[in-house]
Amino acid sequence: MREETDVINIIDDTTPFSVKEAYRLLRANIQFLSPHDGCKVICVTSSVAHEGKSSVSYNLSSVIADGSSKVLLLDADLRASHLQLSLGSKGKEGLSDILAGLASSEDYKSLIKKDENHPNLDILVAGKVPPNPSELLSSERMVTLLDELKKEYDYIIIDGTPLCLVSDMLVLSPYIDGYVIVVRAEMTNKKILNKSVSMIKKINGKVLGFVLSRKKQKKSERYYYGEYGSSKYL
Ligand SMILES: Nc1ncnc2c1ncn2[C@@H]1O[C@H](COP(=O)(O)OP(=O)(O)OP(=O)(O)O)[C@@H](O)[C@H]1O
Ligand SMILES: [Mg+2]
């Protein structure tokens with residue numbers, strides 16, 4: 001049971017300048033931290049539920065796409081996707097249907113949708129909730145699909161599940177260039193965050209960095225530039 005609305009937090013015209021800047025900085029950091037050629041596969045995860053993974057995944061994908069790279073946002077939360085709910089795609093076919101071999105079309109590309117606000121951003125939603133998400137994500141079909149997708153995109157951003165609750169994001173590690181871990185201010189516990197980092201390191205995964213979500217800014221920490229104001233949250 002969620003304590004809040006199921007709608008993810010999407011940046012738009014009303015979003016404060018400093019929040020947009022924080023996302024541009026995140027984009028720059030990711031570009032520097034993953035310098036190899038070809039498609040980069042980045043997984044956005046967190047320790048527990050509701051820390052802001054889907055919001056960060058969508059906003060990060062859109063800011064990278066605005067910078068002219070071709071981006072696929074891959075919704076890999078096969079258990080409880082709030083991304084597809086927020087995008088109005090609840091009940092539609094998606095990743096789970098492709099992986100289970102149950103998609104109505106042979107061509108997986110027909111299930112990938114263009115984001116209406118960002119021309120370079122495509123989205124593949126999670127699809128119907130399957131009984132065996134981990135098995136599907138570690139299947140041969142997933143490997144084949146990722147190989148195909150990597151030919152089409154500069155970045156694949158995976159909206160993941162929480163590390164300390166399910167193993168789904170760890171089974172994907174051989175195909176992930178790096179993990180971004182979302183940490184929710186005043187909620188994420190240090191011990192549990194350390195556990196998440198250890199889990200990734202144990203499987204030789206790379207932690208690219210952390211995103212602190214929902215940090216309330218003190219007045220003294222606010223940054224002003226020209227007429228632009230500041231924000232309540234980073
Ligand atoms: N920076 C933010 N400011 C305000 N609200 C936020 C922010 N980031 C996320 N939220 C809100 O917090 C809730 C959880 O966010 P989100 O769905 O992105 O998290 P999640 O980690 O993907 O959750 P889940 O584990 O259920 O997939 C949503 O209601 C979202 O609108
Ligand atoms: Mg989510």
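How many bridges join β2 to strand β4? Four bridges do that job, and β2 and β4 (residues 121–124) run parallel. Two strands count as paired here if DSSP finds at least two bridges between them, while strands (E, at least two residues) and helices (H or I, at least four) are DSSP runs numbered from the N terminus.

Before going on, keep in mind that this is a predicted model, where local features need pLDDT of at least 70, side-chain atom pairs count only at pLDDT 80 or more, and totals for chains, interfaces and linings use all residues. Residues are numbered from 1 along each chain as its sequence is written, chains are lettered from A and ligands numbered from 1 in the order in which they are written, and side-chain values use heavy atoms, with hydrogens and water left out.

Back to β2. Within β4, Val71 has Leu121 as its bridge partner. Five bridges also link β2 to β5 (residues 155–162), again in parallel, and there Leu73 stands opposite Ile157. Five of the five residues of β2 (residues 71–75) are buried, so the strand is largely enclosed by the rest of the structure. Buried means under 20% relative accessible area, exposed means over 50%, and partly exposed is in between (1.4 Å probe, protein chains only). Val71, Leu73 and Asp75 point one way from the strand, and Leu72 and Leu74 point the other way.

Now for a couple of backbone oddities. His50 isn't a glycine, yet it has a positive phi of about 65°. His50 sits in the loop between β1 (40–46) and α2 (53–66) and is partly exposed, at 26% relative accessible area. Arg214, in the segment after β7 (207–213), also has a positive phi, near 60°, and is partly exposed at 36%.
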